[in-house]
Structure formats: C-alpha cells, structure tokens
Amino acid sequence: MKNFSSPLFDANNLSTTNPPSPYGTHEYNIMMVVFFSVVMALGFIGNSAVFCTLLQRQRQSACATNSLLMNISVADLLVAVIVIPLSLVSIFYDWPLGQFLCRTLAPFQDVIACVSVVSHTVIAMERYRAIVEPFKRRLSTRGTKQAIVIIWLLCCIAIGLPMALVLRVSIEGGAHRCKAHWSSDLSRQIFEVYLVLVFMLLPLAIQTYAYIYIVKTVDREIIASAESGSDQERLLKAAMSKARVVKMLILLVAAFYLLSLPRVLTMLWVEFGSSSFQDDVTLEYAVMITISIYCVQHVINPFIIFASSAELRGSCWLLCYRVAHGCLT
C-alpha cells in the first residue's frame with residue numbers, strides 16, 4: 001500500500017499500478033513545474049506581504065490574533081521557500097539531500113499543516129474569550145509568543161517525529177527516493193486515522209463551536225447597538241468591526257478545510273477503500289488533483305485576508321509605497 005502522508009515530496013513517485021500512469025511523463029513533469037512555480041511565487045509574495053503588513057501593525061498595537069496569523073503566514077512562507085523548491089528538484093532528479101535531511105525536511109509539509117490548524121484553533125479560542133467571555137483574562141503578548149513556540153514544538157513532536165522514524169532514502173528504479181517505510185500496514189493506518197481525528201476533526205469541532213457562539217454574540221451586539229441611545233454610532237461601528245474580523249477568520253478556516261478535505265478523503269480511500277479501485281489509474285489522477293488542491297491552501301490566505309479587510313489592504317499598499325520610495329531615493 002502506498003503512503004501519502006508527505007504529498008509534496010512524493011508527488012512524482014505515486015504510481016503503484018500497471019496501467020498507464022500520469023506520473024513521470026513529459027506532460028506531467030511540465031504541468032507540475034508550472035503549477036509548483038506559480039504556487040511558490042504566489043506563496044512567497046502573498047505571505048511575505050501578510051507578514052510584513054501585520055508586523056507593521058503589531059508595532060503600533062500588539063494583538064494575539066495578528067501574531068497567530070503571522071505564524072500561519074510564516075509556515076506557508078516556509079512551504080514556498082523550502083518544500084516546493086525541493087519538490088521541483090525531485091521531479092527531475094533523485095532525492096538530493098541525503099538520509100538526515102530526508103528525515104527532517106520530508107515531514108515538513110505535514111508539520112506546517114499542523115501548525116496552521118492548531119493556530120486557527122487557538123485564534124478561535126482567543127476570539128471566543130475576547131467576544132463571548134470578555135471579562136476573562138486574554139492572551140498577553142508574552143503568552144502569545146509562548147503559545148506559538150508550543151504550537152511548533154507540539155506539531156514537530158506529534159507529526160514530525162513519528163514521520164522521521166519511518167522515513168529513509170531508498171533506491172527505486174535506480175533513483176534515490178525519500179519515502180516512509182512502515183513496519184506494517186496497520187501501523188501506517190493507525191497513524192493516518194490519528195492525524196485525521198486529532199488534527200482535523202477535533203480542531204474543526206472546537207472551531208465550529210467557538211465561531212457559532214461568536215457569531216451569535218456579535219449579532220446580539222449589533223442589534224443592541226442599533227437600539228442604543230447616544231452611543232449608537234460608536235457601539236455599532238465597534239460591533240461591525242468585530243463582525244468583519246470574525247467573517248475573515250471564518251473564511252480562512254473554511255478555505256483550509258475545504259482545500260484539505262479532498263486530500264484527506266483520498267488518503268483514507270487509498271487505505272480503506274475497495275482494493276479493485278486502488279488498482280485503477282483513475283485513483284492516480286485523483287491523488288494528483290487532490291494534492292494540487294491541497295497545495296493551494298498555502299497561497300489562499302493572503303487573498304482572503306486582503307479581500308476581507310480594506311484597512312489591511314491600505315496598510316499593505318502604504319508599506320509597499322514606503323519600501324519602493326526608500327529604494328528609489
């Protein structure tokens with residue numbers, strides 16, 4: 001059975017069947033080079049813009065949500081500068097970095113996905129505390145930094161370490177490949193179910209619960225502010241500002257799960273689906289498509305953030321102007 005737990009590093013070596021395969025053909029290689037190059041460029045530019053814009057705002061007024069969004073943008077930026085370039089190299093060449101980096105870099109894609117989902121969960125919990133339970137203590141600047149460190153350590157230990165133990169460079173068809181070698185099918189299946197339950201379904205349940213109550217609370221605030229007296233305009237403006245932020249955060253979470261779900265379902269179908277379908281070339285095309293969809297999650301956040309916030313767009317354009325003006329002068 002094929003392992004799909006590190007999709008970008010294995011994207012050019014997924015064929016397990018005898019029928020004609022899309023993998024390794026000239027057309028496939030060209031398509032993957034174009035696709036990965038676009039993802040790399042958009043990921044680098046977009047996530048750099050988000051990080052720099054939020055960093056500028058953090059210097060003016062520290063905010064836990066902005067710090068956690070910056071953490072997600074850094075994770076996506078690392079995909080653009082480390083994971084995808086190695087994927088491009090591996091399309092045409094053997095694994096170039098040896099045994100040690102196979103075990104440390106190959107799990108990086110899944111560690112970053114973990115960082116994103118846990119960061120989104122912490123954001124949902126922080127917004128819940130700030131809006132639904134405003135009198136409870138919120139995350140301080142120091143507490144947010146500690147939370148970010150804990151998120152990275154948790155993901156490296158919970159996902160990176162188990163993958164590092166089974167990854168190794170092996171020779172297949174005369175080429176060196178960095179692949180997972182599980183002791184049994186059962187151990188691999190247990191790990192993949194663990195990933196889905198702990199890092200997909202549990203965070204989704206927490207985020208859904210938090211945002212349902214957040215939306216209800218914000219709606220009540222908007223109604224109450226519309227019916228208030230002299231402070232109506234000020235209260236309504238504050239409530240609408242909260243609503244815009246919540247809408248942006250919900251869109252970010254929705255995009256993450258919608259783009260991750262096809263890959264997760266394909267992975268589970270490969271492990272637990274019909275054995276006859278697993279030998280069909282259709283499955284290989286499905287894996288290729290769902291991996292491509294999964295990669296888009298690393299470039300979509302900047303579009304959502306800037307499309308949802310005129311204030312952040314303005315801050316970004318102002319920052320770009322200052323950088324360009326500084327370079328020209």
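These exercises with worked solutions cover salt bridges, a surface patch and a cavity.

The model is predicted, so local features need pLDDT of at least 70 and side-chain atom pairs count only at pLDDT 80 or more, while totals for chains, interfaces and linings use all residues. Residues are numbered from 1 along each chain as its sequence is written, and side-chain values use heavy atoms, with hydrogens and water left out.

**Exercise 1. A long-range pair**

Task: Find which side chain meets Arg57 in a salt bridge, and place both residues.

Solution:
- Start with the rule. A salt bridge is a side-chain nitrogen of Lys or Arg within 4 Å of a carboxyl oxygen of Asp or Glu.
- Side chains of opposite charge can pair when their charged atoms come close.
- The structure holds seven salt bridges.
- Arg57 meets Glu311, at 3.1 Å from N to O.
- The pair links distant parts of the chain: Arg57 sits in helix H2 (residues 26-60) and Glu311 in helix H11 (residues 310-328), 254 residues apart.
- Helices here are DSSP runs (H or I, at least four residues), numbered from the N terminus.
- Now check cover. Buried means under 20% relative accessible area, exposed over 50%, and partly exposed in between (1.4 Å probe, protein chains only).
- Arg57 has 21% relative accessibility, so Arg57 counts as partly exposed.
- Glu311 has 53%, so Glu311 counts as exposed.

**Exercise 2. A pair from loop to helix**

Task: State what the salt bridge between Arg138 and Glu126 ties together.

Solution:
- The side chains of Arg138 and Glu126 meet at 3.2 Å, N to O.
- Arg138 lies in the loop between H5 and helix H6 (141-166), and Glu126 lies in helix H5, so the pair ties together parts that are 12 residues apart in sequence.
- Arg138 is partly exposed because its relative accessibility is 42%.
- Glu126 is buried because its value is 5%.
- Widen the view: Glu126, Arg127 and Arg138 are linked in a network of salt bridges.

**Exercise 3. A pair within one helix**

Task: Work out how many residues separate Asp185 and Arg188 in helix H7.

Solution:
- Asp185 forms a salt bridge with Arg188, with the closest N and O atoms 3.0 Å apart.
- The two are three residues apart in helix H7, so about one helical turn separates them.
- Asp185 is partly exposed, at 43% relative accessible area.
- Arg188 is buried, at 4%.

**Exercise 4. The nonpolar patch**

Task: Identify which helix gives the most to the nonpolar patch.

Solution:
- Nonpolar patch residues (Val, Leu, Ile, Met, Phe, Trp, Tyr) have over 30% relative accessible area and no salt bridge, with side chains joined within 5 Å.
- The patch covers about 730 Å², and its residues include Met125, Val193, Leu197 and Phe272.
- Helix H7 (residues 185-226) gives the most, with seven residues.
- Take Leu197, found in H7. Its 46% relative accessibility makes Leu197 partly exposed.

**Exercise 5. The largest cavity**

Task: Describe the lining of the largest cavity by element and by class.

Solution:
- On a 1 Å grid over the protein atoms alone, a cavity is a set of points where a 1.4 Å probe fits but cannot get out; lining residues have an atom within 4 Å of a point.
- The structure holds seven cavities of 30 Å³ or more.
- About 190 Å³ of space lies in the largest cavity.
- Its lining has 15 residues, with Ala113, Leu195, Met200, Arg263 and Tyr294 nearest the centre.
- Helix H5 (108-131), H7 and helix H8 (232-272) each give two or more residues to this lining.
- H8 gives the largest share, five residues.
- By class, the lining has 12 nonpolar, one polar and two charged residues.

Note on methods: Patches are made of residues with over 30% relative accessible area and no salt bridge: like charges are joined within 9 Å, nonpolar side chains (Val, Leu, Ile, Met, Phe, Trp, Tyr) within 5 Å. Accessible areas come from the Shrake-Rupley method with a 1.4 Å probe; for residues, only the protein chains shown count as cover. On a 1 Å grid over the protein atoms alone, a cavity is a set of points where a 1.4 Å probe fits but cannot get out, and a pocket is an open set with protein on both sides within 12 Å along at least five of seven lines; lining residues have an atom within 4 Å of a point. Grid points are joined across faces, edges and corners, and a volume is the space filled by probe spheres set on the points. Ala, Val, Leu, Ile, Met, Phe, Trp, Tyr, Cys and Pro count as nonpolar, Asp, Glu, Lys and Arg as charged, and the others, Gly among them, as polar.
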